[in-house]
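Work through the exercises below with the sequence and the 3D structure at hand. Each task is followed by a solution in steps.

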Amino acid sequence: MTEQPRLADRNAAVLLPEPFVKWFGEKGWSPRAHQIELLARAQAGQSVLLIAPTGAGKTLAGFMPSLTELASRPRRKPGQAHRGIHTLYISPLKALAVDIERNLGKPVEEIGLPVTIETRTGDTPAHKRQRQKLVPPDILLTTPEQLALLIAAPDARRFFEDLRYVIFDELHSLVTSKRGHLLALGLARLRGYVPGLQTIGLSATVAEPDELRRWLVGQNPPKNSESPAMAGLITVAGGAKPDISILDSQERVPWSGHSARYAIPEIYEAIKKHRTTLLFVNTRSQAELLFQELWRANEDALPIALHHGSLDVGQRRRVEKAMGENALRAIVATSTLDLGIDWGDVDLVVHVGAPKGASRLAQRIGRANHRMDEPSKAILIPANRFEVLECRAALDANYLGAQDTPPLIKGALDVLSQHVLGVACGAPFDADLLFEEVRGAAPYAALERETFDRVVDFVATGGYALKNYERYARIRRTVDGLWRVSHPRVAQQYRLNVGTIVEMPELNVRYVRQGRGMAGRGGPVLGKIEEYFAETLRPGDNFLFAGKVLRFEGIRENECVVSNGAGANIIVPSYAGGKFPLSTYLADQVRGMLADSSRWQALPEQVADWLRLQKEKSVLPKRGDLLVETFPRGNRHYMVAYPFEGRLAHQTLGMLLTRRLERAGARPLGFVATDYSLAVWALDDMAALFKAKKPSLGALFDEDMLGDDLEAWLNDSWMLKRTFRTCAVIAGLIEKRFPGQEKSGRQVTVSADLIYDVLRSHEPDHILLQATRTDASAGLLDVSRLAEMLSRVRGRIVHKHLEQISPLAIPVMLEIGKEPVNGGANETLLMEAADLVEEAMGRG
Amino acid sequence: MVGIAGERAVCDRRGVLYFPELRLLAVSDLHLEKGSSLARRGALIPPYDTGATLLRLQAVIADYQPAIVISLGDSFHDGGGAERMHQSFRERLEALMAGRDWFWVAGNHDPDAPADLPGETVRELAIGSLLFRHEPSAVRVEGEIAGHLHPCARIVQRGRSVRRRCFAADGGRMIMPAFGAYTGSLNVLDRAYAGLFRRETLMAYMLGAERIFAISHAMLRPG
């Protein structure tokens with residue numbers, strides 16, 4: 001249900017105070033329909049979700065209700081108490097808050113409004129925060145973490161008691177993570193202070209606007225009401241249709257890999273032809289590689305810069321500044337530049353690698369020509385042949401306007417634990433009232449009382465069956481029935497650990513002069529690198545980072561010491577984050593394209609040829625089918641399946657299939673997964689097993705693998721340990737790491753692992769383990785995706801036995817050997833090391 | 001089997017050292033009640049570490065049936081640990097101690113005798129050519145067996161890194177791995193070990209799931 005703005009129905013002059021009308025007039029503008037519509041709804045007391053493309057004047061629209069109200073508010077008389085915050089603006093990025101301060105300050109000044117606007121972020125100095133508490137600004141621009149901190153302060157109620165509006169910018173990106181859960185709980189708390197509070201959500205187009213509309217308003221009382229409460233919706237139709245093309249390369253498109261190295265000369269030519277080009281990639285390692293390759297081709301020494309999340313903040317700010325000044329011709333970037341920050345005059349977006357989701361593509365392309373009425377121009381560069389299919393599908397989807405933002409997930413319990421402690425730090429709470437308040441937050445609307453009580457118990461004493469910690473309780477219920485913190489130290493600890501972003505242990509990359517080795521000191525920090533990557537390096541190894549080839553010297557305390565490197569065997573660090581699964585929608589589109597040969601005309605000839613060859617030598621599955629091929633090769637037997645559900649889901653599937661094949665006696669040796677397909681290889685002939693129904697292919701892919709097999713595997717999985725660590729930090733069981741603390745990340749990791757082992761064997765049903773399993777299923781393992789797929793293909797599995805490898809199998813087969821060995825192989829590595837010793841000592 | 005100053009011992013993959021001729025079992029850094037020790041300061045980590053550690057200790061004692069047990073210091077995470085210990089754990093510990101000579105070597109975390117527990121508390125203990133103490137002495141002592149440093153070792157093989165707790169020994173002296181469920185570890189190449197071992201004969205006996213892996217100094221990686 002979309003409500004189109006109807007300017008004709010509203011009289012803008014009635015709604016807009018005189019100074020605004022005058023200002024618009026002076027500028028030669030008129031207020032846009034959706035701006036007036038939003039103002040009218042807000043003035044009628046409604047909360048509203050505004051969905052609009054970039055460049056539609058979203059921000060000004062969002063602030064219009066606040067500004068008009070503040071304009072007509074009587075001035076504070078001398079001696080009168082200072083008023084609290086009137087409007088709270090929350091954005092996912094610090095930089096965005098700062099940007100808004102500048103963009104909003106201008107009209108406010110020009111209209112001559114008596115309105116104070118200030119930011120409050122992690123960078124705000126202590127004295128300014130202090131002053132903000134005493135003399136609050138009218139409009140406070142901040143982040144979700146800062147809101148959590150404000151709520152946990154003893155004067156929170158007074159600080160927020162005059163609050164009228166909360167504006168959420170980029171709401172679509174805020175709500176899909178645990179950060180969104182914490183924010184939803186914070187909003188519920190604000191509603192507790194000010195029941196009449198109105199919210200305004202600003203969002204890019206999303207698949208399910210109703211989810212966001214519910215998120216914006218209180219969900220109680222949910223009892224018996226058929227339709228849950230929702231904010232109003234205003235949708236602004238998309239701007240000019242973007243001009244997107246897929247690079248039709250003269251070069252051969254590779255079978256596999258992600259570097260798109262083949263297209264470098266063509267990308268470079270495109271950069272030369274445009275003013276400023278933004279190049280998006282999916283991972284930081286791709287960013288490093290692309291940057292390196294572009295500079296190799298950069299004969300004209302064009303100013304080309306690199307921007308990703310692991311780089312030093314100072315360097316990132318310099319790049320952003322240069323961009324704003326239009327001093328750059330090209331910027332290679334990852335998702336750190338995804339959100340709607342407006343910098344410079346970008347006239348071309350190049351997307352290297354498949355975009356993985358139609359929404360993501362739309363968002364990134366929106367960065368070119370940040371004006372609504374001009375078409376954005378973009379080129380997609382598929383890095384391999386399957387990506388050609390994916391790019392084509394994404395492109396079709398974008399024209400269709402289809403959107404596929406990930407669905408919202410149920411509120412996480414570790415986040416709730418953090419919030420409960422935060423609430424107690426602010427003021428004593430009544431459990432019944434807090435439970436009702438929490439259920440008002442959309443992600444927690446279905447929370448059960450029993451679960452909530454377990455969370456409170458966890459916050460108090462750890463919630464263990466062995467009631468050993470009563471005397472160390474962090475919060476206690478006192479005689480008046482209220483829960484309060486037992487010690488001021490608890491509140492201090494809480495403040496240091498607030499937030500839901502838990503970084504994996506990282507090391508600073510410290511540059512020293514060449515030849516100084518580990519003795520070198522005092523060089524600049526180039527950024528951060530994940531510890532586990534640094535651990536695999538040997539002194540003298542060369543690797544790519546911050547656009548430079550670096551020589552690894554060694555690890556000193558929390559620093560990875562490097563000098564100038566050179567040479568051939570350069571390693572590219574991989575990062576655990578930044579791997580997006582193919583969206584469900586796009587996966588379906590790709591399957592559809594495979595099945596329908598009439599659509600191959602839109603593909604480059606070499607790719608269409610590849611598909612025709614596959615049809616001839618094997619088979620192409622129908623849209624809803626799952627193709628499984630088997631063939632011998634060397635002295636092994638291979639099985640390749642093509643679910644197109646993304647690498648995470650395929651990895652989980654690979655793990656589970658291998659377990660089953662092991663039990664069936666097929667003696668599987670390993671598997672490898674890509675975004676599109678999965679290959680398993682074994683010593684025995686799997687096709688023969690399927691034929692003899694030991695097991696049948698249908699039984700092998702039966703959904704019941706998600707029961708015991710998954711459980712058994714999960715318990716030993718390192719992924720679960722990693723997830724547990726995150727949950728334990730968010731829930732406040734173990735502390736976050738801070739620079740300068742002597743405790744190194746490894747010690748935290750080790751103890752989180754040890755805690756996990758002990759807890760798992762003694763209290764497997766503990767609430768934190770429950771939270772961990774839920775997280776892992778949704779995140780790293782993508783179990784839900786796998787479950788959907790298995791149920792979809794039941795009875796629709798097509799088995800094709802071949803004498804040799806099929807054309808479609810080439811990409812995944814090329815991945816074999818690139819992946820590190822899996823699972824219990826750690827012991828094998830130790831054995832090798834020990835054997836080497838015996839060999840050398842002549843005792844073998 | 002490893003030799004230390006002429007005595008022969010078994011490095012057990014579970015992290016204990018056993019001298020068959022002496023029927024002596026040594027275990028180091030139990031850090032019992034570490035969980036409750038941290039809980040006192042607000043980190044409510046699961047209170048099951050004492051139970052888990054005792055369970056593992058029970059298993060090795062059942063296997064070897066030693067006449068002598070030496071707990072090589074830091075048996076409790078802090079001085080009040082023995083007192084705080086849950087009654088059921090205390091009973092299990094006392095059952096393990098019954099019928100054996102049990103020595104509590106004083107550690108930096110627990111310099112005094114554990115409250116109300118049997119066994120003899122000593123600063124150090126000499127048996128034959130062996131000397132058992134908690135902290136390794138800075139001056140080299142042949143036959144010294146110590147704990148305190150929680151050694152682990154790391155190798156890199158085929159681009160992958162494996163880190164495990166280990167016994168560190170050079171034929172003359174040994175540092176034992178920490179046994180407690182919540183104990184972290186420190187790489188044997190860290191500067192805290194500087195000067196303790198003869199580099200050329202240093203071996204790390206890394207604890208595997210099924211067996212011990214003897215790794216020579218040259219294969220070890222820092223970090």
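The exercises go from the whole of chain A to single strands, a helix, a loop residue and the contact between chains.

This is a predicted model, in which local features need pLDDT of at least 70, side-chain atom pairs count only at pLDDT 80 or more, and totals for chains, interfaces and linings use all residues. Residues are numbered from 1 along each chain as its sequence is written, while chains are lettered from A and ligands numbered from 1 in the order in which they are written.

**Exercise 1.** Describe chain A as a whole and state where pLDDT is under 50.

Step 1. Chain A has 33 helices and 26 strands. These are DSSP runs numbered from the N terminus (helices: H or I, at least four residues; strands: E, at least two).

Step 2. Of the 844 residues in chain A, 48% are buried. Buried means that 20 or more other C-beta atoms lie within 10 Å of the residue's own, exposed means 12 or fewer, and partly exposed is in between, with C-beta atoms placed from the backbone.

Step 3. Among contacts in chain A with a separation of 6 or more, 74% join residues 24 or more positions apart. A contact needs C-beta atoms, placed from the backbone, within 7 Å.

Step 4. The mean pLDDT (the predictor's confidence in each residue, from 0 to 100) of chain A is 83, and 84% of its residues reach 70 or more. Over residues 1-9 of chain A pLDDT stays under 50. Residues 819-824 of chain A are also below 50.

**Exercise 2.** Find the partners of strand β23 (residues 636-641) of chain A and say how many of its residues are buried.

Step 1. β23(A) pairs with β22 (residues 626-633) of chain A in the antiparallel sense over 6 bridges; pairing requires at least two DSSP bridges between two strands. Here Phe631(A) stands opposite Tyr638(A).

Step 2. The two strands form a hairpin with 2 residues between them, and Gly634(A) in the turn has a positive phi of about 60°.

Step 3. β23(A) is also antiparallel to β25 (residues 678-682) of chain A, over 5 bridges. In this pairing Met639(A) has Val680(A) as its bridge partner.

Step 4. Because 5 of its 6 residues are buried, β23(A) is largely enclosed by the rest of the structure.

**Exercise 3.** Which residues of helix α18 (residues 431-439) of chain A are buried, and what covers them?

Step 1. The buried residues are Leu434(A), Glu437(A), Val438(A) and Arg439(A).

Step 2. Their cover includes α10 (178-193), α17 (413-426) and α19 (449-461) of chain A.

**Exercise 4.** Locate Ile501(A) and classify its exposure.

Step 1. Ile501(A) lies in the loop between α20 and β16 (506-511) of chain A.

Step 2. Ile501(A) has 13 C-beta neighbours inside 10 Å, so it counts as partly exposed.

Step 3. Its C-alpha atom is 8.0 Å from that of Ile730(A), 229 residues apart along the chain.

**Exercise 5.** Describe the sheet of chain B and the contact between the chains.

Step 1. In chain B, 7 strands form an open, mixed sheet in the order β1-β2-β3-β4-β5-β6-β7. β1 (2-4) and β7 (120-122) of chain B each have a single partner strand, so one side of each is left without a neighbour in the sheet.

Step 2. β1(B) runs antiparallel to β2 (residues 7-11) of chain B, with 3 bridges; Ile4(B) has Glu7(B) as its bridge partner.

Step 3. Between the chains, 38 residues of chain A are in contact with 36 residues of chain B. On the side of chain A, α33(A) gives the largest share, 10 residues.

Terms used
Two residues are in contact if their C-beta atoms, placed from the backbone, lie within 7 Å.
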